[in-house]
Amino acid sequence: MSVKVTVCGTSGGYAGPGKACAGFLLSNEENTLMLDLGPGALSNMLEYLDADALEALALTHMHYDHYVDIFGLCTARRFWETSLAPFPVLAPAVARDIIGSPLAESSREEFFKCMELTVPEPGRAIELAGFEVTALPSAHVIDGFIYRIKAGESTVCYSGDTEKCDALIELARGADLFICESTFTSEVPARHKGHLSATEAGRIAAEAEVGSLLLTHLWPTLSGEKAVQEAGKQYNGPVELAFEGLTLFVGPYPCAV
Ligand SMILES: [Zn+2]
């Protein structure tokens with residue numbers, strides 16, 4: 001079974017000009033799953049899918065550039081004319097407190113009726129909207145997860161925000177598509193804790209022997225061309241820079257969706 005990956009947001013840290021922050025829509029003939037939902041990603045997702053048609057959401061961590069459009073998504077679903085069952089949201093344990101914090105006390109209970117929050121158990125594969133999802137803790141500045149998503153024989157790994165760690169190699173191992181953060185290029189010489197450079201993303205892709213590498217989360221002022229070049233020096237497979245509207249098919253082609 002193929003998986004269609006539609007890029008809804010790619011910008012690292014903040015939404016650059018004409019860009020949105022993290023968001024990747026995975027879909028196949030039967031199911032839909034969103035990975036992260038940063039500022040602007042919902043607007044792009046709605047170009048392809050109605051709010052009530054999204055079956056599940058997996059959040060890597062609770063930095064604002066990866067989750068804030070959950071407010072818009074829940075608002076769209078809550079005000080739908082039909083009453084929808086809560087949709088599953090996979091997220092770190094702090095998600096309820098952080099999502100709840102900007103909400104008025106009086107509206108918090110009603111708001112959370114929209115979703116069913118679950119904390120993934122590290123290393124245990126679960127079924128989420130028809131996809132098999134495995135999470136391991138990332139090495140970021142706050143608690144977070146790296147996800148490996150399987151549908152049939154097709155596998156996607158999404159790094160979220162992380163430094164290099166054993167978990168990232170393990171979950172990326174042999175993935176058909178490795179969506180990896182590369183927040184920096186050599187334009188930023190200083191090492192930044194909790195993130196990867198394009199060179200490091202390329203090295204990890206090579207070590208994990210992935211089928212293809214999709215760079216994302218590039219800081220908006222940095223050169224995408226340089227990011228692809230630098231990753232490509234470390235990894236011999238196909239390397240691409242993610243951009244809003246990019247669609248990739250993972251697995252047997254053609255995919256019916
Ligand atoms: Zn981020």
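Is the crossing of helix 7 and helix 8 left-handed or right-handed? I looked it up, and the crossing is right-handed (clockwise turn of the near helix from the far one by less than a right angle; anticlockwise would be left-handed).

**Entry 1, ground rules.** I am working with a predicted model, where local features need pLDDT of at least 70, side-chain atom pairs count only at pLDDT 80 or more, and totals for chains, interfaces and linings use all residues. I count residues from 1 along each chain as its sequence is written. Helices (H or I, at least four residues) and strands (E, at least two) are DSSP runs numbered from the N terminus.

**Entry 2, helix 7 and helix 8.** I noted that their axes, lines fitted to C-alpha atoms over the stretch in contact, come within 7 Å and cross at roughly 40°, on a scale from 0 to 180 degrees between N-to-C directions. The two helices are therefore oblique to each other (not under 35, over 145 or 65 to 115 degrees). Ala198, Thr199, Ala201 and Gly202 in helix 7 meet Ala227, Glu230, Ala231 and Gly232 in helix 8 (contact: C-beta atoms, placed from the backbone, within 7 Å).

**Entry 3, surroundings of helix 7.** I found seven of the 10 residues of helix 7 (198–207) buried, so the rest of the structure largely encloses this helix (buried: 20 or more other C-beta atoms within 10 Å of the residue's own). Among the buried ones are Glu200 and Ile204. Their cover includes helix 6 (166–172), strand 11 (177–181), strand 12 (213–216) and helix 8 (224–232). After helix 7 comes glutamate 209, with a positive phi near 50°.

Key. Buried ≥ 20, exposed ≤ 12 C-beta atoms within 10 Å, placed from the backbone. Contact = placed C-beta atoms within 7 Å.
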